[in-house]
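Good morning, everyone, and thank you for making time for this short talk. Please have the sequence and the picture open while I speak, so that you can find each residue as I name it.

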Amino acid sequence: MKLKHITLIISVIAILSLTACQDMQNPTGTDPTESAIVMNNAVEIDGALATAQVVECTFESDAFVPGGDAIYENSRMDRKDMGKGCPRKGGPKDRPMLGKVMRELQLTDAQIELLKGYNLAHRDCIELTMQTWRDAVAPVMEIANAAKKLVMDDLKNNVITRKEAYDKLKVINESMRAEIDALGMKDTIKLAIEDCNKALLASIEGMLTPDQLVIWAKYFPKK
């Protein structure tokens, strides 16, 4: 099962942390612009938002679950617009922007090189988790997309009006979402994403100097 592979990726992140005992003051010539990108790529993903990203059937496209950069852009915990109009106590809105914390830590070039590896491992962990989610909901979406095709065929052949087609697509989408919820996979995926995030934070913390740990603790205090 893919979730076993996710656990393996998390273990790899931990191993990377253990090998981070190299001299952190040894510069590697990292470009400042590249450094900024690396630090901004250090993000946590909100599992609730990630599993909510189910694109419904429309006149123009079939239902699908976004992947890659779309997941990162729309599900990161440091989204500035997160929680507007609907604040959630202790939710993503209250999380520090990890990229900002990284800049405040003033990482050395060697640490930035380590962070690159942590970011890549974290993305692999998230992507594998989301692929597990996509595989789980795929059969439900296939049924919804097949039903949508019949509706669009009727619309094309003037069997139904555009308004009737719209109403039918609404019913199809509502049924699809209900069936996805009935799978009972959301909590499992959320927990797996949380494990990916925890591994990333632990790896970053493990490479910090004592002075940097003081700053880190202000944003990520020990529970």
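I will go from the whole chain to its cores, then to one helix and its disulfide, and finally to a few single residues.

Before anything else, please keep in mind that what you see is a predicted model, and that the values I quote are computed from it. The chain has 223 residues, and 40% of them count as buried. Its secondary structure comes to 9 helices and 0 strands, and if you read along the sequence you meet the pattern α-α-α-α-α-α-α-α-α. The chain exposes about 12,400 Å², of which carbon and sulfur atoms supply 57%. If we take the contacts in the chain with a separation of 6 or more, residues 24 or more positions apart account for 82% of them.

Let us turn to the inside. Which residues touch the most other members of the largest nonpolar core? In this core of 31 residues, they are Ile 126, Met 130, Trp 133, Met 141, Met 176 and Ile 180. The elements that give two or more residues to this core are α4, which covers 69-75, α6, α7, which covers 162-182, and α8, and the largest share, 11 residues, comes from α6. To make this concrete, please find Met 176, which, if we leave aside its neighbours within four places in sequence, is in contact with Val 54, Glu 56, Ala 63, Val 140, Met 141 and Ala 144. Apart from this core lies another, of 19 residues, and among them are Val 101, Leu 107, Tyr 118 and Phe 220.

Now to helix α8, which runs over residues 186-206. At 1.5 Å a residue, its 21 residues should span 30 Å, and the end C-alpha atoms are 30 Å apart, so the expected span and the model agree. Which residues of α8 are buried? They are Ile 189, Ala 192, Ile 193, Cys 196, Asn 197, Ala 199, Leu 200, Leu 201, Ser 203 and Ile 204. As you look at that list, it may help to recall that an α-helix has 3.6 residues a turn, so residues three or four places apart point the same way.

One of these buried residues, Ser 203, has a relative accessible area of 1%, and it counts as buried because that value is under 20%. Ser 203 and Tyr 118 are 85 residues apart in sequence, and yet their C-alpha atoms are 6.9 Å apart in space.

Another residue on the list, Cys 196, brings us to the disulfide. A disulfide is a covalent bond between the sulfur atoms of two cysteines. How many of them does the model have? The count comes to 1 disulfide, formed by Cys 125 and Cys 196, whose sulfur atoms are 2.0 Å apart. The pair links distant parts of the chain, since Cys 125 sits in helix α6, residues 109-156, while Cys 196 sits in helix α8, 71 residues apart. The torsion about the S-S bond is about -75 degrees, so this disulfide is left-handed. Cys 125 is buried, at 0% relative accessibility, and Cys 196 is buried, at 0% relative accessibility. There is also Cys 57, which is buried with a relative accessible area of 4%.

Staying with helix α6, I would like you to find Asn 119, which has its place there. Is Asn 119 buried or exposed? With a relative accessible area of 7%, Asn 119 is buried. A polar atom of its side chain lies 2.9 Å from the backbone oxygen of Val 38. If we do not count residues up to four places away in sequence, Asn 119 touches Val 38, Asn 41, Ala 42 and Leu 200.

Let me finish with two loop residues. Gln 106 lies in the loop between α5, which covers 98-105, and α6, and its phi is near 50 degrees, a positive value in a residue other than glycine. Gln 106 counts as exposed, because its relative accessibility of 65% is over 50%. Asn 158 lies in the loop between α6 and α7, and here phi is near 60 degrees, again a positive value in a residue other than glycine. Asn 158 is exposed, with a relative accessible area of 68%.

Thank you for listening, and please stop me now with your questions.

Technical notes
Residues are numbered from 1 along each chain as its sequence is written. This is a predicted model: local features need pLDDT of at least 70, side-chain atom pairs count only at pLDDT 80 or more; totals for chains, interfaces and linings use all residues. Side-chain values use heavy atoms; hydrogens and water are left out. Helices (H or I, at least four residues) and strands (E, at least two) are DSSP runs, numbered from the N terminus. Buried means under 20% relative accessible area, exposed over 50%, partly exposed in between (1.4 Å probe, protein chains only). A disulfide is a pair of cysteine sulfur atoms within 2.5 Å. Contact means heavy atoms within 4.5 Å. Accessible areas come from the Shrake-Rupley method with a 1.4 Å probe; for residues, only the protein chains shown count as cover. A polar contact is a pair of N or O atoms within 3.5 Å; within protein, one must be able to donate a hydrogen and the other to accept it, and residues adjacent in sequence count only if both atoms are side-chain atoms. A nonpolar core is a set of buried Ala, Val, Leu, Ile, Met, Phe, Trp, Tyr and Cys residues joined through side-chain atoms within 4.5 Å. The expected span of a helix is 1.5 Å times one less than its number of residues.
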